[in-house]
Amino acid sequence: MFLRVARHTNNLNKIEDFYVNILGFELLGGFEKHNNYNGIFIGKSGLDWHFEFTQSHVNANHTFDEDDITVLYPKTISDYNELIKKITHHNIAVITAVNPFWNENGTMIQDPDGYRIIISPLKAVISEIE
């Protein structure tokens with residue numbers, strides 16, 4: 001099974017910059033003027049999933065609550081620390097999660113559309129499973 005997480009945005013350029021240049025994903029492809037939509041595919045090459053972000057003349061209407069999050073697990077503590085350095089360097093605010101687990105096991109930020117993202121060391125996954 002393949003997975004695509006698709007989301008509409010009002011600023012495709014900011015989203016691309018954030019997910020590619022800050023979070024370290026790859027721009028896998030894109031399209032322009034397809035039924036009045038422009039879009040990009042972001043993920044990691046060779047995997048069975050990716051994000052799709054689209055933009056059109058219709059404004060995005062984002063509705064979500066504080067527990068709607070995307071969780072990213074860098075593979076190593078070194079990767080985690082590097083990503084946190086990038087976030088700090090780009091003056092991206094760290095916010096408090098509603099669920100205390102994430103405050104103890106990760107760092108919460110928001111993407112340019114306001115969606116919440118947790119960056120969590122891989123050790124948190126292992127402790128969840130055990």
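In the predicted model, the side chains of Thr54 and His8 make a polar contact of 2.9 Å. Thr54 belongs to strand β4. Its relative accessible area is 13%. The cut-off for a buried residue is under 20%, so Thr54 counts as buried. The surroundings of Thr54 include residues distant in sequence. Leaving aside residues up to four places away in sequence, Thr54 touches Arg7, His8, Thr9, Leu12, Phe31, Tyr37, Asn38 and Gly39.

One of these contacts, Leu12, leads to helix α1. This helix spans residues 12-22. Its buried residues are Leu12, Ile15, Phe18, Tyr19 and Ile22. They cover an arc of only 170° around the axis and therefore lie on the same side of α1. The spacing follows a general rule. An α-helix has 3.6 residues a turn, so residues three or four places apart point the same way. The buried residues of α1 pack against several elements. These are the strands β1 (3-8), β3 (37-43), β4 (49-55), β6 (107-110) and β7 (116-119), together with helix α2 (77-89).

The two ends of α1 were also examined. At the start, a side-chain oxygen of Asn11 comes to within 3.3 Å of the backbone nitrogen of Asn13. Just after the helix, Gly24 adopts a positive phi of about 90°.

Strand β3, one of the partners of α1, contains Gly43. With a relative accessibility of 0%, Gly43 is buried. Gly43 touches Phe25, Glu26, Leu28, Trp49 and His50, again not counting residues up to four places away in sequence. Gly43 and Ile84 are separated by 41 residues in sequence, and their C-alpha atoms are 19 Å apart in space.

Strand β7 is covered on both faces. Arg116 and Ile118 are buried on one side, and Ile117 and Ile119 are buried on the other. This arrangement fits a general pattern. In a regular strand the side chains alternate between the two faces of the sheet.

Strand β7 also pairs with two other strands. With β5 (residues 69-72), the pairing is parallel and runs over four bridges. Here Thr70 stands opposite Ile117 of β7. With β6, the pairing is antiparallel, also over four bridges. In this case Thr107 stands opposite Ile119 of β7. β6 and β7 form a hairpin, with five residues between the two strands. Gly114, in the turn, has a positive phi of about 95°.

Methods: Residues are numbered from 1 along each chain as its sequence is written. This is a predicted model: local features need pLDDT of at least 70, side-chain atom pairs count only at pLDDT 80 or more; totals for chains, interfaces and linings use all residues. Side-chain values use heavy atoms; hydrogens and water are left out. Buried means under 20% relative accessible area, exposed over 50%, partly exposed in between (1.4 Å probe, protein chains only). The arc is that of the directions from the helix axis to the C-beta atoms. Contact means heavy atoms within 4.5 Å. A polar contact is a pair of N or O atoms within 3.5 Å; within protein, one must be able to donate a hydrogen and the other to accept it, and residues adjacent in sequence count only if both atoms are side-chain atoms. Two strands pair if DSSP finds at least two bridges between them.
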